[in-house]
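User: I'm new to reading protein structures, and I'd like to know how the words people use follow from the numbers. Can we go through one together?
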Amino acid sequence: MRRPILAGNWKMNMTIAEAIDFVRSIRLGLNEIKGVDRVLCPPFTALAAVKDLISATGIALGAQNMYWEEKGAFTGEIAPGMLVELCQYVILGHSERRGYFGETDAGINRKLHAALAHGLKPIVCVGETEAQHDAGQTERVITEQVRGCLAGLTAEQAGGLVVAYEPVWAIGTGKAATAGGAGAVIGVTIRGAIADLYGEATAQAVRVQYGGSVTPANIGEFMSHPDIDGALVGGASLKADFVDLVRIAAKTKGV
Ligand code: PGA
């Protein structure tokens, strides 16, 4: 049984003051929901403040990106060793990083190895663009991304991963995938690619989230799918809605 995991990706939103107000307003409700991992991913600048606010709760903290080097002359970058002082998780390879900042599977793979070496728990994002989706290339693109991002991991490392399947056309558009469509990509393509690399047991151990326009209104449908273990939530994680969303997710999985 894979433990469900819901993560809020705040993206480039919230000052420290706003983050403090918001986390104060949701932490009690979020902390009450048991049986699922709950992860908040604020911008780097708010990590320390949020860490203090949730230290006595079961809520976990994640960063949205990192660099693969340990330290040095990399102006503007954040190293894995800096993050482990603050948080447990790190989102890697989000489609906005790929699309706006030129991240590649090879670079994401280096980040993944560095994160694991430091004991961070990566949430590795994959997803096809609308053009690739319309051209029927989803299976090929996702398989390539999984193979490229996971290259060189041991089966044990791979089995402990969280993968987020986020079709680019569904992110921030209000046009979510269907649970059946996303579940098939996750169950067949993503778990299939992992099974080819590491065997079926590893493929069944990996937790895979769906992401893209997830709301309290559609989370139940996604969580009803046996291959979907949670969600990576953008817009709806910036509002009190996020607590409802996590509550519905836990209830749907029966945990
Ligand atoms: P969204 O973003 O929920 O606002 O669509 C999801 C994500 O990009 O992680």
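Analyst: Sure! Let's start at the ligand: one of its oxygen atoms is 2.7 Å from an N or O atom in the side chain of His-94. Keep in mind that this is a predicted model.

User: What makes the pair formed by the ligand oxygen and the side chain of His-94 a polar contact?

Analyst: The cut-off for two N or O atoms is 3.5 Å. The atoms here, a ligand oxygen and an N or O of the His-94 side chain, are 2.7 Å apart, so the pair falls within 3.5 Å and counts. The backbone joins in too: an N or O atom of the Gly-234 backbone is 2.8 Å from a ligand oxygen, and a backbone N or O atom of Gly-235 also lies 2.8 Å from an oxygen of the ligand.

User: How much of the ligand's accessible area does the protein cover?

Analyst: The ligand on its own has 280 Å² of accessible area, and the protein covers 95% of that.

User: Which residues come nearest to the ligand, and what kinds of residue make up the shell?

Analyst: There are 13 residues around the ligand, and the nearest are Lys-11, His-94, Glu-166, Gly-172 and Ser-213. By kind, the shell has four nonpolar, seven polar and two charged residues.

User: Ser-213 is on that list of nearest residues. Why is Ser-213 called buried?

Analyst: Buried means under 20% relative accessible area. Ser-213 has 17%, so it counts as buried. Ser-213 sits in the loop between β7 (207-211) and α11 (219-224). Its phi is near 55°, which is a positive value in a residue other than glycine.

User: Where is Met-14, and what is its phi?

Analyst: Met-14 is in the loop between β1 (5-9) and α1 (16-32). Its phi is near 85°, again positive in a residue that isn't glycine. With a relative accessible area of 18%, Met-14 is under the 20% cut-off and is therefore buried.

User: Lys-11 was also among the nearest residues. What does the backbone nitrogen of Lys-11 lie 3.1 Å from?

Analyst: That nitrogen lies 3.1 Å from a polar atom of the Asn-9 side chain. Asn-9 belongs to strand β1. At 5% relative accessibility, Asn-9 is under 20%, so it counts as buried.

User: Why is the pair of Tyr-67 and Phe-74 called tilted?

Analyst: Nice one, as there are two numbers to check. A pair of aromatic rings is described by the distance of the centres and the angle of the planes. The ring centres of Tyr-67 and Phe-74 are 5.1 Å apart, which is within the 6.5 Å limit, so they pair. Their planes are at 50°, and that is neither under 30 degrees (stacked) nor over 60 (edge-to-face), so the pair is tilted. The whole structure has five aromatic pairs, and Tyr-67, Trp-68 and Phe-74 form one aromatic cluster.

User: Are Tyr-67 and Phe-74 buried or partly exposed?

Analyst: One of each! Tyr-67 has a relative accessible area of 17%, under 20%, so it's buried. Phe-74 has 33%, which lies between 20% and 50%, so it's partly exposed.

User: How many disulfides are there, and how do you know that Cys-125 is in none?

Analyst: The structure holds zero disulfides. For Cys-41, the nearest cysteine sulfur belongs to Cys-87 and is 8.0 Å away, and Cys-41 is in no disulfide. For Cys-125, the closest cysteine sulfur is in Cys-149, at 9.1 Å; a disulfide needs the two sulfurs within 2.5 Å, so that's too far for a bond. Both cysteines, Cys-41 at 0% and Cys-125 at 2%, are buried.

User: What joins the side chains of Asn-65 and Lys-111?

Analyst: A polar contact of 2.8 Å does, and that value is within the 3.5 Å cut-off. Asn-65 is in the loop between β3 (60-63) and α3 (80-83). At a relative accessible area of 8%, Asn-65 is under 20% and therefore buried.

User: And why does Glu-221 count as partly exposed?

Analyst: Glu-221 has 46% relative accessibility, which is between 20% and 50%, so "partly exposed" is the right label. You'll find Glu-221 in helix α11.

Terms used
Residues numbered from 1 in each chain as written. Predicted model: local features only at pLDDT ≥ 70, side-chain atom pairs only at ≥ 80, totals over all residues. Heavy atoms only, no water. Near = heavy atom within 4 Å. Polar contact = N/O pair within 3.5 Å; in protein donor to acceptor, adjacent residues only side chain to side chain. Areas by Shrake-Rupley, 256 points an atom, 1.4 Å probe, with all protein chains shown as cover. Nonpolar A, V, L, I, M, F, W, Y, C, P; charged D, E, K, R; others polar. Helix = DSSP H or I, 4+ residues; strand = E, 2+ residues; numbered from the N terminus. Buried < 20%, exposed > 50% of the residue type's maximum accessible area, 1.4 Å probe, protein only. Phe/Tyr/Trp six-rings, centres within 6.5 Å; stacked < 30°, edge-to-face > 60°.
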